[in-house]
Amino acid sequence: MTGLVIQNRGSLYQVKVADDESYSCKLKGSFKVNDIQTTNPVAVGDVVDFELPETMEEAKGQEHLGWITKIHPRTNYIIRRSSNLSKQAHILGANLSRALLLVTVNYPVTSTTFIDRFLATAEAYRVEAALVFNKVDRYCDHEERKLHDLVTLYEGLGYRCFEISAKHGQGMESLKEYISTGITLLSGHSGVGKSTFINALVPGANLRTQNISEAHNMGVHTTTFSEMIPYGTEPDTYLIDTPGIKGFGTIEFEREGVSHYFREIFELGKQCHFHNCTHTHEPKCAVCEGLNRGTIARSRYKSYLSILQDEDEGKYRL
C-alpha cells in the first residue's frame, strides 16, 4: 500500500491512505536517505510504501500494524543540523508547497541569523518561504520600528512578509489565502505562537499553548512531535506543526555554494573580479563594496559568514 506520513512519534509513523484510513507503521530495516544519516529517516510529508500483516492475528500484541518498506523520491524538504556539534540531520518536513517561519521581534526575540539560516536552507532545497511576524499587538514603539525595518529588509529581497497577532486574529486574512492550498510547514522558536496560530486557523485543532518564561524571555516546548493537520476546504491541504527549535544549523552546504542561497549576495557576486570569490577578503569584491555602500545589509552578511564558519568547523552557532 502507498500512503502519506502525517505524524511522526519517534520510531512510530502514522500513514494515511487515499480513503482517509490511517495506519501506525514502523520502518522495515535501516534507511539512509540521500546519503545523509538523519535522526528521522522518514519525515512528515513523505509518500511511502508499507506492508500490512496478512492476518489480524499477526498484528496482535503489537503497537503498530505495518512496516514502511520504501520512501518515494522527495520534491523538496527542509532539513537542519539536529544539535550543536552534531553531524546528524533532522528533516522538518518533505514535499512542501511552502514553509512559514514564525518570527517574534520580542517575547521571545528571533535573531536575524536564525531567520537567514532558515531562508538559506529553503533556497537550497527549493522550498518557497515566507516570514510571519507574530505578536504585533504587544510591541512598543522601538519594537515596532524594529519590525518595520525587518519587513522592509526581507520584502526588499522578495520574501512575502505577514504581520499578525494570532491571539487576536489580526492580519490573518491575506495569510489564510496564501496557505489555502497545498502543504505548509510551520517552524520557529518555542514561544513564538505556532500553537496559537494553528488554533486560530483550525479551531478544532485544540493544540496546547503555554506562556513564555518571563524570567528568560524564552519559549517552552508544547509541541513534541511533527504532525500534519488538515486545513481549509481544498483537498490535500495541510499544515505541518513542528516542535520549536532553538538554533538552525545548516547541513550539506558546500562552502563555494553558500552565497547562492543569499539572493542579494548571489546577484551582486556576479560582478566580482574573481569568479570563485568568497566575498570575505578578495580584492575587487563587489559584495564587500556593496556592504560598505549599504546595499548589502550587515545582518545578512553576518549570517552569510556564520554559515561559512559552519562549513569550516563542522558546527554552528545561534
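**Close-up views of a predicted model**

**View 1. A nonpolar patch sits on the surface.** Met1, Leu52 and Leu65 make up this nonpolar surface patch, together offering about 230 Å² of accessible area (Shrake-Rupley method, 1.4 Å probe, with only the protein chains shown counting as cover for residues). Patch members have over 30% relative accessible area and no salt bridge, and nonpolar side chains (Val, Leu, Ile, Met, Phe, Trp, Tyr) are joined within 5 Å, like charges within 9 Å. A salt bridge here is a side-chain nitrogen of Lys or Arg within 4 Å of a carboxyl oxygen of Asp or Glu. Leu52 belongs to the loop between β4 (47–51) and α1 (56–59); helices (H or I, at least four residues) and strands (E, at least two) are DSSP runs, numbered from the N terminus.

This is a predicted model, where local features need pLDDT of at least 70, side-chain atom pairs count only at pLDDT 80 or more, and totals for chains, interfaces and linings use all residues. Residues are numbered from 1 along each chain as its sequence is written, and side-chain values use heavy atoms, leaving out hydrogens and water.

**View 2. Tyr107 and Pro108 are joined by a cis peptide bond.** Its omega is about -5°. Look for Pro108 in the loop between β8 (98–103) and α2 (112–124).

**View 3. Asp20 has a positive phi, near 70°.** Asp20 sits in the loop between β2 (12–16) and β3 (22–27). With 58% relative accessibility, Asp20 is exposed (over 50%; buried is under 20%, partly exposed in between; 1.4 Å probe, protein chains only).

**View 4. Asn95 also shows a positive phi, near 55°.** Asn95 lies in the loop between β7 (89–94) and β8, and is buried at 17% relative accessibility.
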